[in-house]
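Here is a short note to read beside the model. Keep the 3D view open and check each point as you go.

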Amino acid sequence: MTSLKSSLTHRRQTSHLLRVEQTDWLLEAGLVRAHRQLRDDSTYTGEIWSVSDAIRGDEPAEIEIEVTRDDASEDSLIVRVSARLGQQEPENPRRIQRSHTWQIAAAF
């Protein structure tokens, strides 16, 4: 019984770590998308991008991108990306949300 319980715990931990890594990949995808959108349209301010179809396991996933001018420097932009993986329920311990902010050059 102890071996079975240990195996299940290990499986859950591995699954969680994979989901965290997948959420980090979604963050990176959001930054790449912001770069491409800004290259094509300098007035791009962001979006909410649903990527659930690209996620294995029918899990809802979305990337929120926000682009603003940097108040401290006219030559740079602030790109805020939030990635969410899992159901948006108050008591869902499996939902993962990661956010990151980058400062990028306004002209590239």
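The points below cover the sheet, the helix that packs on it, and one loop residue.

1. Start with the status of the model. It is predicted. Keep that in mind throughout.

2. Next, the sheet. It is open and has four strands, in the order β1-β2-β3-β4. The pairing is antiparallel. Strands of a sheet pair through backbone hydrogen bonds.

3. Look at the edges. β1 (46-50) and β4 (96-105) each have a single partner strand, so one side of each lacks a neighbour in the sheet. On average, neighbouring strands are turned by 15° against each other, direction ignored.

4. Now take one pair. Strand β3, residues 76-85, runs antiparallel to β4, and ten bridges join the two. To find your place, pick Leu-77: it stands opposite Ile-104 in β4.

5. Add the helix. α1 spans residues 2-40 and packs on the sheet. It touches β1, β2 (61-69), β3 and β4. The direction of α1 makes about 30° with that of β4.

6. Turn to the loop between β2 and β3, where Asp-70 sits. Is Asp-70 buried or exposed? Asp-70 is buried, yet it has no salt bridge. Arg-80 is the nearest side chain of opposite charge, 7.9 Å away. A salt bridge needs the charged atoms within 4 Å, so Arg-80 does not form one with Asp-70.

7. What does the Asp-70 side chain reach? It reaches the backbone nitrogen of Ala-72, at 3.1 Å. Leaving out residues up to four places away in sequence, Asp-70 touches Ser-76, Leu-77, Ile-78 and Gln-103. Leu-77 is the residue from point 4 that stands opposite Ile-104.

Terms used: Residues are numbered from 1 along each chain as its sequence is written. This is a predicted model: local features need pLDDT of at least 70, side-chain atom pairs count only at pLDDT 80 or more; totals for chains, interfaces and linings use all residues. Side-chain values use heavy atoms; hydrogens and water are left out. Two strands pair if DSSP finds at least two bridges between them. Axes are lines fitted to C-alpha atoms, for helices over the stretch in contact, and angles run from 0 to 180 degrees between N-to-C directions. Contact means heavy atoms within 4.5 Å. Buried means under 20% relative accessible area, exposed over 50%, partly exposed in between (1.4 Å probe, protein chains only). Lys and Arg count as positive and Asp and Glu as negative; His and the chain ends are not counted. A polar contact is a pair of N or O atoms within 3.5 Å; within protein, one must be able to donate a hydrogen and the other to accept it, and residues adjacent in sequence count only if both atoms are side-chain atoms.
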